[in-house]
Each structure stands twice: as structure tokens, then as C-alpha cells.
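User: Please examine the following model with me. I shall ask about its fold, its confidence and selected residues.

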Amino acid sequence: WRFSKSREGIDMAKETKFFGYKAAVGAFLVIFANLGACTTLGTFIATLANYSGHSVGAVGQIATVNTICNIVLSVVALKALGKLGARKTMLISVIACAAHMIFYTFVTPGANPQSLIFMYIAGGLASFAITFGTHAVCSSVIAEWFVEKRAQVTGMVLSGAGLGAAAWVFLAGQLFKVTDYKNCYRIFSCLVLVIGLLAVLLLIKSPEQMGQKPLGWEKAAAGETEELPGVSYKEAVKSGSFKVLILALLFSTVGGSAYLAYAPTWWQMNGMTATNAANWNAVYLLLAGLLLLGAGSISSKLGTGGFVIYVCMAFILTFVCLVLWPISGATYLMVLTVIFAAAAYPVCASIPSFVGTAAFGPKEFGQISATLMIAVYIGQAIASPVMALLLATEGGMGLAWKVFAVTTAIGMVLLLMALKMSPVKEKN
């Protein structure tokens with residue numbers, strides 16, 4: 001009796017010392033630092049253009065370089081994760097994130113080509129931060145630690161992207177009041193290193209390292225978990241639904257990427273100060289992060305098709321408000337812009353996962369998701385060249401917002417078509 005009671009005490013102690021939640025906090029902090037810091041580019045584009053003497057279109061190509069590198073490095077990151085493990089992979093991401101901001105400080109006035117090269121190198125380094133230290137790698141940490149509560153914990157960890165972006169953009173706005181953009185980046189670089197390195201070195205550890213097992217491993221060991229439903233990767237790729245979904249993601253994500261990169265610049269072009277633009281952007285990102293936490297619940301209530309309509313219509317209304325705001329200058333239009341944009345944030349963050357899972361099931365969704373994300377990255381890469389072309393026209397950025405409203409509407413229709421053509425529905 002004493003022996004069994006002491007064993008119970010040991011088991012309870014182990015349960016209370018379960019390290020998985022600390023690992024989840026570490027993953028949250030890594031994505032908070034990496035993606036949050038990288039998202040501030042939209043706040044700095046106008047300042048970088050003014051300081052360097054290059055056009056907004058030329059500076060905006062940083063985002064194109066970044067997304068092209070994302071496509072290439074997303075494949076490399078998965079291989080690095082397999083060989084190096086999450087901890088070392090994340091360590092590379094943190095160092096790259098800090099380094100990319102330092103490269104922006106090498107820019108000099110005079111519209112010289114060296115400045116553009118430094119900015120494009122910075123965009124490439126940011127890709128290491130994004131692909132080696134955000135969604136895929138952080139999700140792998142959660143998968144190691146959680147059999148139960150995996151979806152809940154993953155959603156909370158990935159919300160670090162929106163909440164981190166809000167925090168960094170807000171900080172940028174405050175720093176603009178007292179110093180120049182170069183010192184902002186130097187301060188950001190130090191903060192990324194402190195937050196990221198502490199998280200990686202102290203909190204990112206595997207169950208094997210801690211001598212523990214994942215939460216809910218008992219059920220998995222007892223065979224209580226059923227085989228995941230859905231189709232195989234090969235079946236998914238061969239389906240018409242997959243091809244339509246690839247096209248849908250291209251159309252639906254291009255506008256969201258343009259908003260994230262250029263909305264603060266649009267506000268500054270129409271008379272808003274850099275600080276106020278950063279503050280509005282911070283409010284948007286904070287709301288987006290909070291709404292992203294509830295994206296799963298909203299999707300389950302509306303259904304995947306309803307959720308697609310909800311987020312895409314929100315983005316269309318965002319573009320309408322962006323076009324109307326310079327004409328009237330009304331504050332309520334700014335308020336509506338950030339609310340609608342925050343509601344639409346899942347277009348890039350959650351739609352690929354939600355629609356992909358609904359269309360093909362969770363059976364081999366890791367591999368399916370990695371392929372779908374290439375379409376998202378291509379959509380993001382197209383945003384800046386399209387914006388640059390439209391900036392050269394008489395309609396300028398105002399015309400661009402109208403074009404992106406149309407592409408979002410087309411993306412919405414294609415997403416709904418992909419769901420109707422789902423091979424999972426055909427099987428059932």
C-alpha cells in the first residue's frame with residue numbers, strides 16, 4: 001500500500017512537472033520574435049525609400065526576394081529540421097532574424113545600387129527566420145509533446161505571429177518618436193537575440209531530453225486513437241480539387257500580402273505620420289492575433305465554406321475602405337479598415353490549413369500542407385511586382401487596392417469550388 005501510494009506521488013509529481021507546456025511557451029516566443037520582427041517591413045518601406053532615394057516600388061521588391069527565398073528555403077527547412085532537430089533549426093532562425101535587421105542599417109542615401117543589394121540581402125535573411133523558425137518548425141515541437149490537446153496548443157502557439165507583429169509594430173511607432181529607423185532596427189536586433197536565444201536554449205527541448213512522454217501517449221499506446229481519415233498525398237495531388245485549390249490560394253493570398261506590406265505606406269502617402277501609421281498597423285495586428293485564436297471556433301460554427309466567405313468578404317471590404325479613406329479622411333473608415341483586415345487575417349494564416357484539411361482530410365496533411373504553402377508563397381511573391389506595375393500607372397496604389405479586391409473575390413469562388421470537388425466527399 002505504501003509502495004503504491006509513493007508511486008502515485010511520483011506520477012503526480014511528473015504530471016505537474018510536465019515540460020511540454022514550457023516547450024510550447026518557447027515555440028510561442030520564437031514565432032513571436034521571428035515573425036513579429038519580420039512583419040515590421042511594411043512600417044519601414046516608406047522610410048527606407050525616403051532615406052535611400054529609391055522608389056517605393058523598388059524597395060517593395062524586398063518582399064518579392066523574401067517570398068522567393070521562402071519557397072526555396074521551405075524545402076530546405078524541412079530537411080534541416082529532420083537532421084538538426086527543432087532546437088538547432090530555431091537557433092539558426094533567431095540569428096538570421098537579428099542579422100537581417102542589421103543589414104537594413106547599411107543602407108545609405110543617394111539611390112545607389114549597393115543600398116538595394118543590402119535591402120534584398122536582408123529580405124533573403126528574413127526568409128531563414130520565417131522558414132526555420134515559424135509555423136512548420138514550431139508545429140513540430142507541439143507534435144512531439146502533445147497527442148492530446150494538439151490542435152488547441154498549436155493554435156495558441158501560432159497566434160504568436162499576429163501578437164508578435166502587433167507588439168513589434170507598436171514598438172516601432174514609439175521608437176520613431178525618439179530616434180531614426182537605423183536605431184530602431186539595432187534595438188529590434190538585440191531584442192530578437194535576447195527573446196529568441198532564451199526561448200531556444202532554455203525552453204525548446206524534446207521529450208527524450210527531458211525523460212518524459214507526450215501528453216496523451218497512453219491512449220496512443222493503447223491503440224485508442226483511430227487511423228486518421230482522408231486521402232493520401234498522391235491521391236490529393238492527382239485530384240482536380242488540389243489544382244483548383246493551388247490556383248485559389250494564389251488569388252486569395254496576393255491581396256493579403258499586399259495589404260500587410262503596403263497599407264502603412266498608403267496611409268503615409270496620404271498624409272499620416274510614420275508613428276500614427278505604425279500605431280494603426282499595431283492595432284490591426286493585435287486584433288488579428290486575437291481573432292486568430294478563435295479562428296478554429298469560428299470555422300467550426302460557420303463551416304469551412306462559410307469561413308471562406310467570411311474572411312474573403314472581410315478583405316474585399318478592407319480594400320473598399322482603403323480606397324475611400326483618402327477621399328473623406330474620416331476616422332471611422334480607418335477603424336473599419338483595421339477591423340475588416342483583422343477579420344481577414346486568416347486568409348494567409350489559416351485558410352490553407354482549414355480548406356486543405358476539409359478537402360483532403362488529416363491523413364497525410366503534413367506533406368499536403370507543405371505543397372499548398374508553396375502556392376501561398378508564390379502568391380506573396382507576386383504581390384510586390386503587381387504593386388510595382390500598378391504604381392507606375394495613373395491610378396497608382398488606389399487602383400492596386402481595387403485590383404486586389406477583384407483577385408480576392410476570384411480566390412473566394414475558387415476556394416469554394418475546391419471544397420465542392422473534394423476527394424474526401426467523393427469517397428463518402
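Analyst: Two conventions come first: buried means under 20% relative accessible area, exposed over 50%, and partly exposed in between, with a 1.4 Å probe and protein chains only. Helices (H or I, at least four residues) and strands (E, at least two) are DSSP runs numbered from the N terminus. This is a predicted model, in which local features need pLDDT of at least 70 and side-chain atom pairs count only at pLDDT 80 or more, while totals for chains, interfaces and linings use all residues. Residues are numbered from 1 along each chain as its sequence is written, and side-chain values use heavy atoms, with hydrogens and water left out.

User: Which residues of H3 are buried?

Analyst: H3 is mostly covered, since ten of its twelve residues are buried. The helix is followed by Gly53, whose phi is positive, near 90 degrees. The buried residues are Leu41, Gly42, Thr43, Phe44, Ile45, Ala46, Thr47, Leu48, Ala49 and Ser52.

User: How many helices does the protein chain have?

Analyst: Of the 428 residues of the protein chain, 51% count as buried. Contact means heavy atoms within 4.5 Å; among contacts between residues at least 6 apart in sequence, 84% join residues at least 24 apart. The protein chain has zero strands, and its helices number 21.

User: Where in the protein chain is confidence lowest?

Analyst: The pLDDT is the predictor's confidence in each residue, from 0 to 100. Its mean over the protein chain is 84, and 89% of the residues reach 70 or more. Over residues 1-16 the pLDDT is below 50, and this stretch has zero contacts in the model beyond near neighbours in sequence. Confidence is highest in helix H20 (residues 396-420), at a mean of 94, and lowest, at a mean of 45, in helix H1 (residues 2-16).

User: How many aromatic pairs are there?

Analyst: A pair of aromatic rings is described by the distance of the centres and the angle of the planes. Rings of Phe, Tyr and Trp (its six-membered ring) pair if their centres lie within 6.5 Å; planes under 30 degrees apart count as stacked, over 60 as edge-to-face and the rest as tilted. By this rule the count of aromatic pairs comes to 28.

User: Why is the pair of Phe44 and Phe188 edge-to-face, and how far apart in sequence are the parts that it ties together?

Analyst: The ring centres of Phe44 and Phe188 are 6.3 Å apart and their planes stand at 90 degrees, so the pair is edge-to-face. Phe44 lies in helix H3 (residues 41-52) and Phe188 in helix H9 (residues 181-203), so the parts tied together are separated in sequence by 144 residues.

User: Which helix holds Trp168, the other ring paired with Phe188?

Analyst: The centres of Trp168 and Phe188 are 5.1 Å apart with planes at 80 degrees, so this pair is edge-to-face. Both residues are buried. The pair links distant parts of the chain, 20 residues apart: Phe188 is in helix H9, and Trp168 is in helix H8 (residues 160-176).

User: Is Gln268 buried or exposed?

Analyst: Gln268 is found in helix H13 (residues 240-269). Not counting residues up to four places away in sequence, Gln268 touches Thr43, Ala46, Thr273, Ala274 and Ala277. Its relative accessible area is 18%, so Gln268 is buried.

User: What is the relative accessibility of Ser241?

Analyst: Ser241 is also found in helix H13. Leaving aside neighbours within four places in sequence, Ser241 is in contact with Ala359, Phe360, Ala418, Met421, Ser422 and Pro423. Ser241 counts as buried because its relative accessibility is 0%.

User: What distance separates the C-alpha atoms of Met210 and Gly20?

Analyst: Met210 has its place in helix H10 (residues 207-210) and is partly exposed, with a relative accessible area of 30%. Leaving aside neighbours within four places in sequence, Met210 is in contact with Phe19, Trp145 and Lys205. Met210 and Gly20 are 190 residues apart along the chain, and their C-alpha atoms are separated by 9.5 Å.

User: Which helix supplies the largest share of the nonpolar patch?

Analyst: The patch on the surface is formed by Met156, Val283, Leu286, Leu287, Leu290, Leu291, Leu293, Val335 and Ile339. Patches are made of residues with over 30% relative accessible area and no salt bridge (a side-chain nitrogen of Lys or Arg within 4 Å of a carboxyl oxygen of Asp or Glu); like charges are joined within 9 Å, and nonpolar side chains (Val, Leu, Ile, Met, Phe, Trp, Tyr) within 5 Å. Helix H14 (274-293) and helix H16 (331-344) each supply at least two residues. The largest share, six residues, comes from H14.

Definitions and conventions
Accessible areas come from the Shrake-Rupley method with a 1.4 Å probe; for residues, only the protein chains shown count as cover.
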